Structure formats: C-alpha cells, structure tokens
Amino acid sequence: MIQNKDNKKEMVTSFLSIVLVLALLLYGDRITGVLGIILGITSPFILGVAIAYVLNLPMSFIERKLLCFMKGRGEKLKRVLSIILSLLFVALLVVLLFVTVVPEIVSAVQNIGREVPGALEKLGAFIENHLALSEKDFPDLSQTLEKDWESFVEKILPVLKNGIGAILSTTFTAAGQVVSSLASFFVSLVFAVYILGEKERLGRQINILKRAYLGENTRKRTEHFVSVLNNSFSSFITGQCLEAVILGTIFMVVLSVLRMPYAVMIGVVVMFSALLPIVGAFIACFVGAFLILLESPVKALVFVIVFLVVQQLENNLIYPRVVGSSVGLPAIWVFFAVTLGGSLFGVVGMLVFIPLVSTFYTLIKEDANKRIEKKGV
C-alpha cells in the first residue's frame with residue numbers, strides 16, 4: 001500500500017510538472033504578463049516585508065539590549081519605542097549621507113566649473129598651434145553661413161518646438177513617476193511598521209497554517225529551509241554593514257592623516273559603496289580618484305595606491321572575518337552570486353543573491369553529507 005501511494009504521488013507530480021512545462025511553452029507570454037501585473041500590484045507589500053526584515057535587526061537589538069528593563073505592562077510601549085528608534089537610526093544614516101556627501105559634491109562641481117574655462121583655453125591653444133586652422137582654409141565658410149542662415153532658422157524652429165514639447169511631457173511624466181514612487185514607498189513603510197508591531201501574532205498565524213496544510217515532513221523541511229535562509233540573510237546584512245563601517249572609517253582616518261582632499265566624503269562613499277560586494281570597491285575608487293584628480297594628479301595617484309593597499313587589507317583580513325565566516329560562502333560562489341544577481345536584477349540582485357546562494361550551498365552541503373553517511377563512504 002505504501003509503495004502504491006508513493007507511486008501515485010510520483011505520477012501526480014510528474015503529470016503536474018509536464019502540464020506546467022507545456023503551459024509555459026504555449027502561454028509563456030500571457031503568464032509573464034499576468035505575473036507582471038500581480039507583481040506590480042503587490043510590489044509595495046513585498047518591499048514592505050523587505051523593509052520590515054531589515055528594520056527588525058536593529059529593533060531586536062534595541063529591545064534586547066537598550067530597553068530590556070521594560071517588562072510586563074511595558075512590553076507594548078517597548079515595541080513602539082524600538083520601532084521609532086530603528087526608524088530614527090535609519091533616518092540618521094540618510095541625513096549623515098546627505099550632510100557629508102552633498103556639500104563636498106557641490107564643492108567638487110564648483111572646482112570643475114573653475115577648471116573648465118582654463119581647460120578650454122588650453123584646448124583652443126592646442127588646436128590653433130597644432131592644427132593651424134584659419135580663415136584661409138575655409139574662405140567661403142562665412143558667406144555660406146550668411147546665405148543658409150534664414151533657411152537654417154526656418155528648419156530649426158519646428159525642431160525646437162517639438163523638443164520643448166517633448167521636454168515638458170517628459171518632465172510631467174517624471175514628476176508623476178516620482179509621486180507614484182513616493183506613495184508606494186509610504187505604503188511599504190506603513191506595512192513594514194504593521195509587520196514589526198504584530199510580528200509575534202503573524203508568526204503564530206503562519207505556524208497554524210503550516211500545521212493545517214502541510215505534512216509533518218514537509219513542514220519540518222520548510223521550517224529548516226526558512227531557518228537557514230533567515231540565518232544567511234541576517235548574517236550577511238549585519239556582517240556587510242559592520243564591514244562597511246570599518247572600511248569607511250579606515251579610509252577617513254588614512255586620508256585625513258595624508259591630508260587628502262574630500263577625505264570625509266570619500267570615506268562615506270566607501271562606506272555606502274562597500275554594501276555592494278566586489279562592484280562597490282571599483283565605484284568608490286573611481287569616484288575618489290576623479291575628485292582628487294581635479295585638484296592634484298599626484299595626490300590622485302597616491303589615493304589609488306592607498307586604496308589598493310587598504311583593499312588588500314580588507315580582502316584578506318576584514319572581510320573573511322566579518323562577512324565571509326558569517327555567510328559561509330567560498331569566494332568563487334560569492335563572485336557567481338554577484339554576477340548572476342547583478343545581471344538579472346541589478347543592484348538589488350547583487351545584495352539578495354549572496355545570502356540566497358549561501359542558503360542553497362548550505363542545504364546542498366547538508367544533504368550531500370547525509371547521503372555520504374548513509375552510503376558509509
């Protein structure tokens with residue numbers, strides 16, 4: 001009887017798999033369109049879940065360490081205070097980014113504005129000295145321009161009218177998209193706050209659904225998968241943030257000691273770009289070298305050398321201890337996860353795919369070890 005049941009399950013599973021593959025082959029475009037509509041509708045709530053998951057890390061720390069004295073009747077107030085403090089912490093990071101980076105960017109742009117006229121003069125002198133262009137080379141140029149000026153104006157006016165109309169249309173469209181994005185983000189934030197406030201009740205409801213609709217083995221496997229996934233994501237987020245703070249602080253101190261320009265801004269850029277594995281280092285190096293190059297090419301070269309030295313220190317000492325050991329993913333699979341995630345979903349994919357690949361790596365490793373033990377190898 002047990003074998004018959006197992007055979008029936010395998011047949012049903014095979015039949016459903018064949019039906020699913022045929023549906024994807026025959027109606028792939030329609031299914032993709034429907035999934036896109038569903039994803040567009042639910043995207044604020046998906047983002048809200050992601051925000052709640054990230055905010056839950058500082059919120060749990062605040063509840064355990066800072067507000068641990070609030071017990072009994074103060075539990076509800078503790079939850080409210082922990083949510084508020086977590087939001088203030090994130091807002092403080094955003095304000096820190098703008099306060100430190102924006103003034104420095106304005107200063108850099110002003111320096112570029114001061115350097116551009118001189119660079120143009122040098123370019124003009126170079127062209128005049130080396131190419132020796134003069135009116136003798138183009139004797140009829142001024143006469144041609146005078147003759148064709150009226151026809152040129154008649155042709156360019158409709159283009160300008162259409163261009164202005166297109167610019168206005170694009171401006172209104174962009175403004176509408178900004179308003180829509182802000183509204184969606186507000187909905188996501190409110191939904192995240194609700195999740196954080198009711199996370200214990202939501203957990204009990206999910207447990208009831210699992211016990212009601214899943215078999216014992218399936219429920220245990222699902223719970224184990226979710227546990228490994230949660231450990232991978234939480235370890236990656238905390239480790240990556242800690243590593244970014246350490247790296248940004250090192251750059252601030254080293255560049256300040258060397259009296260490099262834009263030391264604070266470059267340190268903050270390094271701090272935030274370090275949240276992107278592998279790619280973030282190249283972004284920070286390019287931005288820092290470009291800004292320092294405007295002031296002194298020699299200092300820019302020194303910055304690149306310092307950056308490479310600190311990166312070696314970070315790759316060999318800081319990252320393996322802070323992030324690598326917590327995620328438990330070899331470097332080759334980190335590179336694979338970043339490349340695959342970035343090609344599919346951009347920056348978000350880079351951040352998500354490392355803990356996701358780490359989860360499957362851990363599960364496959366566990367399953368392989370169990371199978372080897374059973375075989376007695």
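At 72% relative accessibility, Arg 259 is an exposed residue, and it makes a handy way into this predicted model. Arg 259 sits in the loop that joins helix H5 (216–257) to H6. Its phi is near 60°, a positive value in a residue that isn't glycine. Tyr 262 belongs to the loop between H5 and H6 as well, and Tyr 262 too has a positive phi, about 60°, without being a glycine. The two part ways when it comes to cover: Tyr 262 has a relative accessible area of 9%, so it falls under the 20% cut-off and counts as buried, whereas Arg 259, at 72%, is over the 50% needed to count as exposed.

Just past that loop comes helix H6 (residues 263–273), and this one is mostly covered, with 9 of its 11 residues buried. Ala 263, Met 265, Ile 266 and Gly 267 are among the buried set. Three valines, Val 268, Val 269 and Val 270, are also in that set, along with Met 271 and Ser 273. For the chain as a whole, 24% of the 377 residues count as buried.

Stepping back to the overall fold, the chain holds 9 helices and 0 strands. Read from the N terminus, the order of elements is simply α-α-α-α-α-α-α-α-α. Among contacts with a separation of 6 or more, 70% link residues that are 24 or more positions apart. The accessible surface of the chain adds up to about 26,600 Å², and carbon and sulfur atoms account for 71% of that area.

One piece of that surface is a nonpolar patch of about 640 Å². Phe 89, Val 90, Leu 93, Val 94, Leu 96, Phe 98, Val 102 and Val 106 make up the patch. Phe 98 is a member worth a look: it lies in helix H2 (residues 75–131), and with a relative accessible area of 52% it counts as exposed.

Next up are the charged pairs. Side chains of opposite charge can pair when their charged atoms come close. Searching the whole structure turns up 8 salt bridges. Glu 216, at the start of the H5 range (216–257), takes part in two of the pairings described here. In one, Arg 219 bridges to Glu 216, with the closest N and O atoms 2.6 Å apart. These two residues are 3 positions apart in helix H5, so about one helical turn separates them. In the other, Lys 220 bridges to Glu 216, and here the closest N and O atoms are 4.0 Å apart. Lys 220 and Glu 216 are 4 residues apart in H5, which again means a separation of about one helical turn.

The partners in the Arg 219 pair differ in cover: Arg 219 is buried at 8% relative accessibility, while Glu 216 is partly exposed at 44%. Both belong to a wider network of salt bridges that links Lys 210, Glu 216, Arg 219, Lys 220 and Glu 223.

A further bridge sits in helix H9 (residues 331–375), where Arg 371 pairs with Asp 367 and the closest N and O atoms are 2.8 Å apart. The two are 4 residues apart in that helix, so they too are separated by about one helical turn. Arg 371 is exposed at 53% relative accessibility, and Asp 367 is partly exposed at 38%.

As for cysteines, the count of disulfides comes to 0. Cys 241 is partly exposed, with a relative accessible area of 37%, whereas Cys 285 is buried at 18%.

Finally, a word on confidence. The average pLDDT for the chain is 76, and 72% of the residues score at least 70. Among the elements, helix H4 (residues 199–213) has the highest mean pLDDT, 87, and helix H3 (residues 141–197) the lowest, 70. Over residues 133–139 the pLDDT drops below 50, and beyond near neighbours in sequence this stretch makes 3 contacts in the model. Where pLDDT is low, the predicted coordinates shouldn't be read in detail.

Technical notes. Residues numbered from 1 in each chain as written. Predicted model: local features only at pLDDT ≥ 70, side-chain atom pairs only at ≥ 80, totals over all residues. Heavy atoms only, no water. Buried < 20%, exposed > 50% of the residue type's maximum accessible area, 1.4 Å probe, protein only. Contact = heavy atoms within 4.5 Å. Areas by Shrake-Rupley, 256 points an atom, 1.4 Å probe, with all protein chains shown as cover. Patch = residues over 30% accessible without salt bridge, like charges linked within 9 Å, V, L, I, M, F, W, Y side chains within 5 Å. Salt bridge = Lys/Arg side-chain N within 4 Å of Asp/Glu carboxyl O. Disulfide = S-S within 2.5 Å. pLDDT = per-residue confidence, 0-100.
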